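Here are my notes on this model, as promised. Have a look at the structure before you read on.

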Amino acid sequence: MRKNMKFKYLTSLTLALGLVFSSLVTAAPKDRTQLLLDASGMSEQIGMLANMVSSSVLQGETDMSPEEREKTSEVFAKAFHEDKFKSFVHDEVNAALSPKDVEALLVWYGSDLGKRITSAETLATNAPQQELLTVLNKSRENQALMKIAADVLALTKSSELVIELQKNIALSAFAAASAHQAPGKPLNFDQVKPLIDQQMEMNRGQVEVMMLAYILYGWKDITMDDLKKYEAVLQAEAGTKFLESGNAGIFKGMSLAFSDAIYNLVELYNVKSKDDNT
């Protein structure tokens, strides 16, 4: 009898543990695409880009009251919130990469070398400008190193991202000032956008130099053999699809965030103008 009871107890316990284990196994798997975005440093880059727009729009703006500045900042902070960008990038990358691609890239970014390069490139974004330029000038003598840096810059399209970011900041600043000064009037982007585009293209050379400086500074303690391995990963089909889809998500996010910000900004000052006139 006791053996029977013990057997029943063990059977019940086993079934209970089995159900628990089954629920863990059949639960939604970890989001491997999100793990890739985090491991590659792309998530952090997205956060930096998004926050840079919302924090830079009102620099130099002196005509707004503290309350107006706060409300305008809230509009851009909400429109350019990093979670929105991350969602766009996640969806683009998830659609572009196969599970096999994701796993292959996770192996690289999870390796000691992958982690070291990603960490070094992230830390380089905080380096003083003079140190960046010093490393750049020293690196110019190494043609092989400069070629890899130029190839990676082209693959990542970092310069294009920065230029697009600057365009969004300039257009957002124009929109904020115009909506504040002339509420209810349409914003004339057709007139100002070509001027901003022209100015940004004039700055392209300077942007490319600085992006090369960031790359080379991050690589200053990485051997050429290891950098060649890194370049090979980015040039492989999975690496190329990852970079292209990630950039597509960021560009899409910036475009939609800008449209969202402008719509809400116009609404904000139209309402304020009506309130002031009543």
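The points below take up confidence, pockets and aromatic pairs.

1. First, the ground rules. This is a predicted model, in which local features need pLDDT of at least 70, side-chain atom pairs count only at pLDDT 80 or more, and totals for chains, interfaces and linings use all residues. Residues are numbered from 1 along each chain as its sequence is written, and side-chain values use heavy atoms, with hydrogens and water left out.

2. On confidence: the chain averages a pLDDT (the predictor's confidence in each residue, from 0 to 100) of 84, and 86% of the residues score at least 70. Among the elements, helix H1 (residues 2-26) has the lowest mean, 37, and H13 the highest, 97. Over residues 1-29 the pLDDT is below 50, and this stretch has zero contacts beyond near neighbours in sequence; contact means heavy atoms within 4.5 Å. Helices here are DSSP runs (H or I, at least four residues), numbered from the N terminus.

3. The largest pocket holds about 1,200 Å³ of space. A pocket is an open set of points on a 1 Å grid over the protein atoms alone where a 1.4 Å probe fits, with protein on both sides within 12 Å along at least five of seven lines; lining residues have an atom within 4 Å of a point. The volume is the space filled by probe spheres set on the points, which are joined across faces, edges and corners. There are 36 lining residues, with Gln45, Thr125, Ser158, Val162 and Met211 nearest the centre. By class, the lining has 21 nonpolar, 13 polar and two charged residues.

4. The second largest pocket has about 150 Å³. Its lining includes Glu164, Lys167, Phe189 and Phe258. H10 gives the largest share, four residues, and by class the lining has four nonpolar, two polar and four charged residues.

5. Two of those lining residues also pair up: phenylalanine 189 and phenylalanine 258 are edge-to-face, 5.7 Å centre to centre with 70° between the planes. Rings pair if their centres lie within 6.5 Å; planes under 30 degrees apart count as stacked, over 60 as edge-to-face and the rest as tilted. Phenylalanine 189 lies in helix H11 and phenylalanine 258 in helix H14, so the pair ties together parts that are 69 residues apart in sequence. Phenylalanine 258 counts as buried (under 20% relative accessible area, 1.4 Å probe, protein chains only) because its relative accessibility is 14%.

6. The structure holds seven aromatic pairs. One of them, phenylalanine 80 with phenylalanine 85, is stacked at 6.1 Å and 25°. Both of these residues are buried, and Phe76, Phe80 and Phe85 form one aromatic cluster.

Technical notes: Nonpolar A, V, L, I, M, F, W, Y, C, P; charged D, E, K, R; others polar. Helix = DSSP H or I, 4+ residues; strand = E, 2+ residues; numbered from the N terminus. Phe/Tyr/Trp six-rings, centres within 6.5 Å; stacked < 30°, edge-to-face > 60°. Buried < 20%, exposed > 50% of the residue type's maximum accessible area, 1.4 Å probe, protein only.
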